[in-house]
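Hello,

Here is the structure I said I would pass on. My notes on what was found follow below it.

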Amino acid sequence: MSTVLRNVRLMPECGFGQGSVDVRIDGARIAEIAPQIALSSNDTVVEGRGDLLLPGFVNTHCHAAMTLFRGYGEDLPLSRWLNERIFPAEDRLTAESVYWGSMLAIAEMLRNGITSFSDMYFFCDSTARAVLESGIKANLSRSLVSFAPAINLAEDTRFAEAVALVKEFHGAGDGRIRVDMSLHAEYTNQPDYCAAVGAYTVKHGLGMQLHLSETEDEHNACIARHGKTPAAFFADLGVFDAPTTAAHCVWVTDEDIAIMAEKGVTAAHNPTSNLKLGSGVMPLRRLLDGGVNVTLGTDGAASNNTLDVLRELRLAAILHKGVNHRADITTAAEMLSMAARNGALAQGRGDCGKIEVGARADLILLDLSAPHNMPVYDLAATVAYSAEAHDVRMTMVDGRILYADGAYTSIDLERLRSEAGRVIAHYFD
Ligand SMILES: [Zn+2]
């Protein structure tokens, strides 16, 4: 059983020039790319119309179920937003509401061409169920906090949930789910707890997700508390010995960037969230020049308010030019790498985020015939500066079409609308 995507264009670095090609997908993987592929009678054929085939976008920082709080608590400073709106609302979350909030996020992401996301939250088994049922990929993590010193890991219920999540879901769905560990942030954790969780993460070969130097206050308070920056704090405790994705990195110093490069820490760039919450602008050029793997993330829908990596891509593509007064500071092609391949690498998915024979077929088709995308001189520039998420005609994960031309194949949208509406109403009773 194979699918043939007929008459699609690829980015020039795929090595097939400017003309259109056919792509055959057998099972979960790309089996053949050629100018013309002979069809057999049981092939499923998708007509590509000369549109652009890209690796699916990877959203490397998300709190999926926060779709439930989209638009709830706007125009507040981060601490008031968290303490007055988000934390009290999160106290009322249930396994069921996280399931529907996650499914709502997944529906939005598939429609926006996102094939995999990294998530930090709680009730993660609900999100895992939504991932398995919908067909998307995710690196899920149970966010850990430790406000009291000397917590015994063996008696910590949050840590027990994280370990249970690893046991039940790591590698589930033919590897579509990977389970990472997650230390929420330096300011929500004790050093001994971070060291213990870091050691567990390294010992079990897992990834790590955390928030790093999101705000100036957080960065400076860490220096006042520990005499070092958050990056040095985590590095010294051994946390960065696990493959780590650090969200935000707005206030990182050149010394932090050197640590991140040496330890192979990925920086997840969340430009919309950082602007909306007034946190600042990540030093993207310095991170890239310092050799750090930089990816894109949306953060949760309560601080964005969309889960749209293409929108983050476009914002990142123009933001750094503006704040640095340098139009040549970043290129469109760099943004495309951040949106897909770099994200797949951050997730520990080396066979995703690229279009070549043998790679996992996590693919999207982008409509190049839309008036706002014509003409095309430079495909990367079209994607970075003109394209919109509604140009995504098809989203495929592991060779399975999950969204095409406005319709989902794995999600009952009417039921999702009704159930999400029901659990959302719960917060405003
Ligand atoms: Zn976050």
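In what follows, Ala, Val, Leu, Ile, Met, Phe, Trp, Tyr, Cys and Pro count as nonpolar, Asp, Glu, Lys and Arg as charged, and the others, Gly among them, as polar. The model is predicted, with local features needing pLDDT of at least 70 and side-chain atom pairs pLDDT 80 or more, while totals for chains, interfaces and linings use all residues. Residues are numbered from 1 along each chain as its sequence is written, and side-chain values use heavy atoms, without hydrogens and water.

The second largest pocket (on a 1 Å grid over the protein atoms alone, an open set of points where a 1.4 Å probe fits, with protein on both sides within 12 Å along at least five of seven lines; lining residues have an atom within 4 Å of a point) has a lining of 10 nonpolar, 2 polar and 3 charged residues. Domain 1 (2–55 + 355–408) and domain 2 (57–346) both contribute to this lining, so the second largest pocket lies between them; the domain bounds come from an automatic or database assignment.

The largest pocket has 39 lining residues, with Leu82, Phe87, His184, Tyr187 and Thr188 nearest its centre. By class, its lining has 16 nonpolar, 12 polar and 11 charged residues.

There is also a zinc ion, coordinated by His61 (NE2), His63 (NE2), His211 (NE2) and Asp299 (OD) at 2.0 to 2.6 Å. Donors here are N, O and S atoms within 2.8 Å of the metal (3.2 Å for Na, K and Ca); water is not among the atoms, so sites may look incomplete. The donor spacing in sequence is H-x1-H-x147-H-x87-D. His63 and His211 are both buried (under 20% relative accessible area, 1.4 Å probe, protein chains only).

Regards

Technical notes
Buried means under 20% relative accessible area, exposed over 50%, partly exposed in between (1.4 Å probe, protein chains only).
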